[in-house]
Structure formats: C-alpha cells, structure tokens
Amino acid sequence: MRAVIQRVLSSSVAVDGKTVGEVNKGYMVLLGVVDGDTQSEAELLARKTAMLRVFEDENGKMNLSVLDVDGEILCISQFTLCADTKKGNRPSFTPSAEPTEANRLYDYFCEQLKANGVKRVEKGVFGADMKVSLINDGPVTICLDTDTWSKTK
C-alpha cells in the first residue's frame, strides 16, 4: 500500500463540479492499494500516517503529528500510485489491486485513521474522475510504502 501525504492548509475534492470532501489544516493523502495488500497493511499505514510528525512545534521543528495539531485528513484513492514504469514509456497498472478489494481497503484505511485518533477524515469518490485542490503547506510531501516495513515482500 502506498501513500503520498501532503501537509495542507486546506484541500478539497470535487466530482462533476460538486465538492464531495474538504478539510482545513492537516493532510491530503493519495492512497494506492497494491495487489496482495491486506487489512494489516492498511492498519500499519494508517498508524504511521496518524503518528507522522511533520507539523512544526513551538521551536520551528517538525515534531508534531496531525493528532497533535487537531488536523483533518482528506483521503483520495489513486490507483496510479501502483504504476509499473520499468518498461517503455506507458505505465502498466497491473500491480494495483482489483477495484472491489482496493475500494474495501481504501475504506478500511480511512476507518483506521479515525481509530488512530484523527477526528475528521473526508474522502473522495472511489473510481470517479476527481478534481483535487490543495494549498500545500511548506511544501511538505512524504511518500510512505508498506513494503518499507515488510520482511516478506
């Protein structure tokens, strides 16, 4: 499971011209579910995301988590994070999980963010053509991949 986490002052997502999710200070998370991912990866990634310390403390050091700043998270499903670009110039998306399982794990990841203490988690619409807006704060952008912590992959 892969996530691109951007620290934001605000972020929103629209489908067919209608805003379906928006947050203020916190994260905008792009989430890609890889074939073979399980609830364990979603739990690990949600915990890491909630505990990630990239907000500045009183000394200007990135030492506070989204929980510490009472931040919000907008989570957007994005299968293109699973692209295989080893050959040629056209990415292959065969590493992504099939849509039904990806949607289930995307929803589960969002539930786990809440279980880890994030008070407000907004979402996009799985599989939709979405228009995402954000004001990146910093900019701060962190990429997380559960393969980093897996000994079996």
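Valine 13 of strand 1 stands opposite glycine 21 in strand 2, and this pair offers a way into the structure, which is a predicted model. Strand 1 and strand 2 (residues 18-23) run antiparallel and are joined by five bridges. They form a hairpin with two residues between the strands, in which aspartate 16 takes a positive phi near 55°.

Strand 1 has further partners. With strand 3 it pairs in the antiparallel sense over seven bridges, and here valine 8 stands opposite glycine 26. With strand 8 the pairing is again antiparallel, over twelve bridges, and leucine 134 of strand 8 is the bridge partner of serine 11. Eleven of the 14 residues of strand 1 are buried, so this strand is largely enclosed by the rest of the structure.

From the strands we can turn to the nonpolar interior. The largest nonpolar core holds 29 residues, of which Tyr27, Val29, Leu31 and Phe109 touch the most other members. Two or more residues come to this core from each of several elements, among them strand 1 (2-15), strand 3 (26-32), helix 1 (39-51) and strand 8 (130-145), while helix 2 gives the most, with seven residues. Leucine 31 shows how distant parts of the sequence meet: leaving aside its neighbours within four places, its contacts include Met1, Leu45, Cys75, Tyr106 and Phe109. A second, separate core has ten residues, including Val4, Val23, Met28 and Ile76.

Helix 1 also deserves a closer look. At 1.5 Å a residue, its 13 residues should span 18 Å, and because its end C-alpha atoms are 18 Å apart, the expectation and the model agree. Its buried residues are Glu41, Ala42, Leu44, Leu45, Ala46, Thr49 and Ala50, and they pack against strand 1, strand 3, strand 5 (62-65), strand 6, helix 2 and strand 8. An α-helix has 3.6 residues a turn, so residues three or four places apart point the same way.

Finally, what do the cysteines do, and how many disulfides does the count come to? The count comes to zero. The sulfur of cysteine 110 is 3.8 Å from the closest cysteine sulfur, in cysteine 75, which is too far for a bond, since a disulfide requires the sulfur atoms to lie within 2.5 Å. For cysteine 143 the closest cysteine sulfur, in cysteine 82, is 13 Å away, again too far for a bond. Cysteine 110 is buried, with a relative accessible area of 3%, whereas cysteine 143 is exposed, with a relative accessible area of 59%.

Notes. Residues numbered from 1 in each chain as written. Predicted model: local features only at pLDDT ≥ 70, side-chain atom pairs only at ≥ 80, totals over all residues. Heavy atoms only, no water. Core = buried A, V, L, I, M, F, W, Y, C linked by side-chain atoms within 4.5 Å. Buried < 20%, exposed > 50% of the residue type's maximum accessible area, 1.4 Å probe, protein only. Helix = DSSP H or I, 4+ residues; strand = E, 2+ residues; numbered from the N terminus. Contact = heavy atoms within 4.5 Å. Expected span 1.5 Å × (residues − 1). Pairing = 2+ DSSP bridges.
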